Structure formats: C-alpha cells, structure tokens
Amino acid sequence: MEQFSLIEKQESLDVLNYQIKICEKCSLASSRKNALIGEGNLNARILFIALSPGVKEDIQNKMFVGPSGQVFNRLLYATGIDRKSVFMTNLVKCTLPKNRKPKKDEITACNAFLNAEIAIIQPEVIVPLGYYATHTILTKYPNNPFAEGRSFKEINGQLLTINGMKILPLTHPSALLYNPSFEMDTLKKYKKLQLFI
Ligand code: SF4
C-alpha cells in the first residue's frame, strides 16, 4: 500500500472535510448544527469509529466532548493511550435526533466519508465502537463474522484480521452511561489496544 506523507494526508483531509461540512446527502443535514469531521493524529496507529455526534459534540463541533467523551477519556487513560495519539471519527457525521438509532440509508449515505478517512489515515488497527460501526466495517468483507452467524457480543474485544486489516470491535463508551457496571470488563477489552501504543 502506498504510504502518504503528513502533508498529503492533511491536504486530502482538508478536501474531504469540506465535503463533509457542506453535505446534505441525507435527511440528518436538516437537524444538525455541524457535520462533525474526524479529528486527531494524522499518523495515528489507532482509528476509533464512534456512532454519531451527541448533543454537545454537535454544538461544540468537536469529537467526544460530552458525557460519552468523559467515559472515552477515562478508558483511554486507564489503557495508557494518549488521546492526542489517536484518530477519532463517527460512522454518521451528523447528530441523530433524540439519540435514535441510525437508519440504513443514513449509514450508506455517509459511508464514503468514513472509507475515505480510513484510506487517508492508514491506521494499523480500526476500532469500531458498538454494533453499528462494527457491522458497517465488517460487512464490507464477504468473509466477516456476521456472515458466519456471530453476534457483536461474541466478537466484542476480539482482535480480528480480515483481508490484512486489523479490526478490534469494542463497546461504545455511551453504553457505560447506561450500564456502569460493565466498565471493568470493557476496560479489559480496551487494554488489547496496548499492542498498538
Ligand atoms: S449524516 Fe453524513 S450523509 Fe448525512 S448529511 Fe450528514 S454528512 Fe451527509
């Protein structure tokens, strides 16, 4: 695979980010304040994919600044990962009204942006957070665990290699807001990322 320089990555992201900010490809454009672009280290070894911007992220136009972000920061800190070293983005770039689930057509409409971000950053491991990001990333490949009848619960925390790409599905931090007792188990899974620090 061709490796990109930092300048090439920045230039490609600038073009992509402009396209994201003005995008009106799905109905979520009408209820958002900001279409949230990915942020972080352009040479990151780890690329996280969250679900969508929450209320605070939509207002402040920044990744993981709301309650889920606090959980995310705590998990990264306990894992020994510097937030500045990773790249973070969302499956769906515009906020989902009342935190509803994303619709298939919304994921499909937004997916080209996610694919482009992955192609630009060239991470060593992709970390989809929660079912929707995991399902979207894995089902690009015919030989994926969902096609084999496995559930998200079964592959959560398992480092997979599919077509040469390393993928580690993990629990979305927002799930811990509803189930704080899962934190120890979740942290154990996040610690698998220590391989990539
Ligand atoms: S969610 Fe994605 S596809 Fe839909 S309007 Fe926002 S940026 Fe465009």
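Which residues do ring pairs link into a cluster? In this structure, which is a predicted model, the answer is Phe48, Phe64 and Phe72, joined to one another through ring pairs.

Let me put that cluster in context, starting with the aromatic pairs. When the whole structure is searched, four aromatic pairs come out. Take the one between Phe48 and Phe72: the ring centres lie 5.0 Å apart and the planes stand at 90 degrees, and because an angle over 60 counts as edge-to-face, that is how this pair is classed. As for where the two partners sit, Phe48 belongs to strand β2, which covers residues 46-50, while Phe72 belongs to helix α3, which covers residues 67-79, so the contact ties together parts that are 24 residues apart in sequence. Phe48 is buried, its relative accessible area being 0%, and Phe72 is buried too, with a relative accessible area of 0%.

A second pair to look at is formed by Tyr131 and Tyr132, whose ring centres are 5.2 Å apart and whose planes meet at 75 degrees, so this pair is edge-to-face as well. Here the rings belong to residues that are partly exposed: Tyr131 has a relative accessible area of 38%, and for Tyr132 the value is 25%.

Staying with helix α3 for a moment, I would also point to Gln70, which has its place in that helix. Is Gln70 buried or exposed? With a relative accessible area of 54%, Gln70 is exposed. Gln70 and Pro173 are separated by 103 residues in sequence, and yet their C-alpha atoms are 8.6 Å apart in space.

Now to the ligand, and first to the question of where the ligand sits. The ligand sits in the largest cavity, and the residues around it are Cys23, Lys25, Cys26, Leu28, Ala29, Arg32, Val92, Lys93, Cys94, Ala109, Cys110 and Phe113. If we sort this shell by class, we find nine nonpolar residues and three charged ones, with no polar residue in the shell.

Two members of that shell, Lys25 and Phe113, can be taken together, and here one may ask what lies over the face of Phe113. It is Lys25, placed at 4.4 Å from the ring centre.

To close, I would set the two parts side by side: on one hand the cluster of Phe48, Phe64 and Phe72, linked by ring pairs, and on the other the ligand in the largest cavity, where Lys25 lies over the face of Phe113.

Methods:
Residues numbered from 1 in each chain as written. Predicted model: local features only at pLDDT ≥ 70, side-chain atom pairs only at ≥ 80, totals over all residues. Heavy atoms only, no water. Phe/Tyr/Trp six-rings, centres within 6.5 Å; stacked < 30°, edge-to-face > 60°. Helix = DSSP H or I, 4+ residues; strand = E, 2+ residues; numbered from the N terminus. Buried < 20%, exposed > 50% of the residue type's maximum accessible area, 1.4 Å probe, protein only. Lys NZ or Arg CZ within 6 Å of the ring centre and 35° of its normal. Near = heavy atom within 4 Å. 1 Å grid on protein atoms, 1.4 Å probe; cavity = no way out; pocket = protein on both sides within 12 Å on 5 of 7 lines; lining within 4 Å. Sits in = over half its atoms within 2 Å of the grid points. Nonpolar A, V, L, I, M, F, W, Y, C, P; charged D, E, K, R; others polar.
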